[in-house]
Amino acid sequence: MHKGVLNLFGFLKSTAQFIKIVIVFFILLHLLFWIQNLTGSEIGFLKPFIPILSSFLYIGEMGSKDSINLLGAKFEYKYLIALFEYIILYLIDHAAYRGFEVAEGVYNSGYKKAKEVEEKAFNKQLANNQLAEQKMLRRYNIYVSTSIKPKFSHREQKVNLEEQNMIMNKFLIEKTGISPTPYEGGFLYSFGNFAAVDNNLQYFFKLIKSNAPLDYIICVQILGKDIVKEEKQLKDLISLKFINKISTCSDTVYRYRFNSSHRYETSQLGLFQKDGDTFEVHEFREMI
């Protein structure tokens, strides 16, 4: 419909412009017709237009039948009045053209504002839908695996990895209330309220900052409808082996943005490819 209205305004303006050209053309014909009357010499190509020219003269004659002799020629006032008729028609047509321009401008302005209101309402609805959709994603996993720090890896240090894992899991179980399951050479903690993920992330940050003789691989993965995809993402994260970072994929970061509060910030670690798929990896970082 919008395109049709614009086409209508274009047609009206083009028609008004065409009429202006026609009026100017008839003004020139009228002047030649007047010259023909003054000189008495017939101008042949005027014949087809004489009925129209004469009708304007008839109206002019209704205004005045007087004339004046000037330089031996008889100047009839009806020709001058008829000339003003053409000029008035031209001005009316020009005013109509300007009116169409103003009307088109008002229409475009109103249409633009209406589209802005419609777009704003659509974006608001879309944002609300996204918020509702993301808020439904509550379950998430945190994976953690350990290795002995290189400086403690010598035999004389006598660091027992299994014992250290028991100490770590005891700490995490006491703090989170969740018991882990063995997974991919590490431990998988499953949670049910991503809105409170910060409360659990703090304990995993404490692991990284602790004096334990361990390095940690920690990965966070939001859980939704595509379990196969999410499990693959988690395994891909684990395989990258980001030491002493809390890594995650872009879908988890996106979900994190919809939490009402953020104790941590996220930054991109890079783009990676695996099995033909490209994926973004981010990390949770403590705010400075």
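Helices here are DSSP runs of at least four residues, numbered from the N terminus. With that in hand, welcome to a short tour of this predicted model. Helix 3 and helix 6 (227-240) each supply at least two residues to the lining of the largest pocket. Helix 6 also gives the most to the lining of the second largest pocket, and helix 3 carries I88, a member of a nonpolar surface patch. The structure holds 11 salt bridges, and a few of them are described below.

**Pockets**

- The largest pocket encloses about 290 Å³ of space.
- Its lining is made up of E133, Q134, M136, L137, I222, L223, G224, K225, D226, K229, E230 and D251.
- By character, the lining of the largest pocket divides into 6 charged, 4 nonpolar and 2 polar residues.
- For the second largest pocket, the volume is about 180 Å³.
- Around the second largest pocket sit R139, N141, Y183, L188, Q221, L223, I227, E230, E231 and L234.
- Helix 6 contributes 4 residues to this second lining, the most of any element.
- The lining of the second largest pocket splits into 5 nonpolar, 3 charged and 2 polar residues.
- L223 and E230 appear in the lining of the largest pocket and also in that of the second largest pocket.

**A nonpolar patch on the surface**

- L80, F84, I87, I88, L89, L91 and I92 form a nonpolar patch on the surface, and together they have about 640 Å² of accessible area.
- One of these residues, I88, lies in helix 3, which spans residues 77-135.
- I88 has a relative accessible area of 48%, so it counts as partly exposed.

**A buried salt bridge between helix 1 and helix 3**

- K13 and E104 form a salt bridge in which the closest N and O atoms are 2.7 Å apart.
- This pair links distant parts of the chain, with K13 in helix 1 (residues 2-39) and E104 in helix 3, 91 residues apart.
- Both partners, K13 and E104, are buried.

**Salt bridges around helix 6**

- The side chains of K235 and E231 meet in a salt bridge, at 3.6 Å from N to O.
- K235 and E231 are separated by about one helical turn because they are 4 residues apart in helix 6.
- K235 is partly exposed, at 34% relative accessibility, and E231 is partly exposed as well, at 35%.
- E231 therefore has two roles to keep in view, as it is a partner of K235 in this salt bridge and part of the lining of the second largest pocket, while being partly exposed.
- K232 forms a salt bridge with D277, and their closest N and O atoms are 3.8 Å apart.
- K232 lies in helix 6 and D277 in strand 9 (residues 277-286), so this pair ties together parts that are 45 residues apart in sequence.
- K232 counts as partly exposed at 30% relative accessibility, and D277 counts as partly exposed at 40%.
- K232 and D277 also belong to a network of salt bridges that includes D236 and K274.

**Backbone points in the loops**

- Most residues other than glycine have a negative phi.
- N244 is not a glycine, yet it has a positive phi of about 55°.
- N244 is placed in the loop between helix 6 and strand 7 (246-249), and its relative accessibility of 25% makes it partly exposed.
- D275, also a residue other than glycine, has a positive phi near 55°.
- D275 sits in the loop between strand 8 (264-274) and strand 9, where its relative accessibility of 63% makes it exposed.

**An exposed proline and its distant neighbor in sequence**

- P150 is found in the loop between strand 3 (140-148) and helix 4 (161-176).
- At 59% relative accessibility, P150 counts as exposed.
- P150 and L214 are 64 residues apart in sequence, while their C-alpha atoms are 8.9 Å apart in space.

Methods
Residues are numbered from 1 along each chain as its sequence is written. This is a predicted model: local features need pLDDT of at least 70, side-chain atom pairs count only at pLDDT 80 or more; totals for chains, interfaces and linings use all residues. Side-chain values use heavy atoms; hydrogens and water are left out. Patches are made of residues with over 30% relative accessible area and no salt bridge: like charges are joined within 9 Å, nonpolar side chains (Val, Leu, Ile, Met, Phe, Trp, Tyr) within 5 Å. Accessible areas come from the Shrake-Rupley method with a 1.4 Å probe; for residues, only the protein chains shown count as cover. A salt bridge is a side-chain nitrogen of Lys or Arg within 4 Å of a carboxyl oxygen of Asp or Glu. Buried means under 20% relative accessible area, exposed over 50%, partly exposed in between (1.4 Å probe, protein chains only). On a 1 Å grid over the protein atoms alone, a cavity is a set of points where a 1.4 Å probe fits but cannot get out, and a pocket is an open set with protein on both sides within 12 Å along at least five of seven lines; lining residues have an atom within 4 Å of a point. Grid points are joined across faces, edges and corners, and a volume is the space filled by probe spheres set on the points. Ala, Val, Leu, Ile, Met, Phe, Trp, Tyr, Cys and Pro count as nonpolar, Asp, Glu, Lys and Arg as charged, and the others, Gly among them, as polar.
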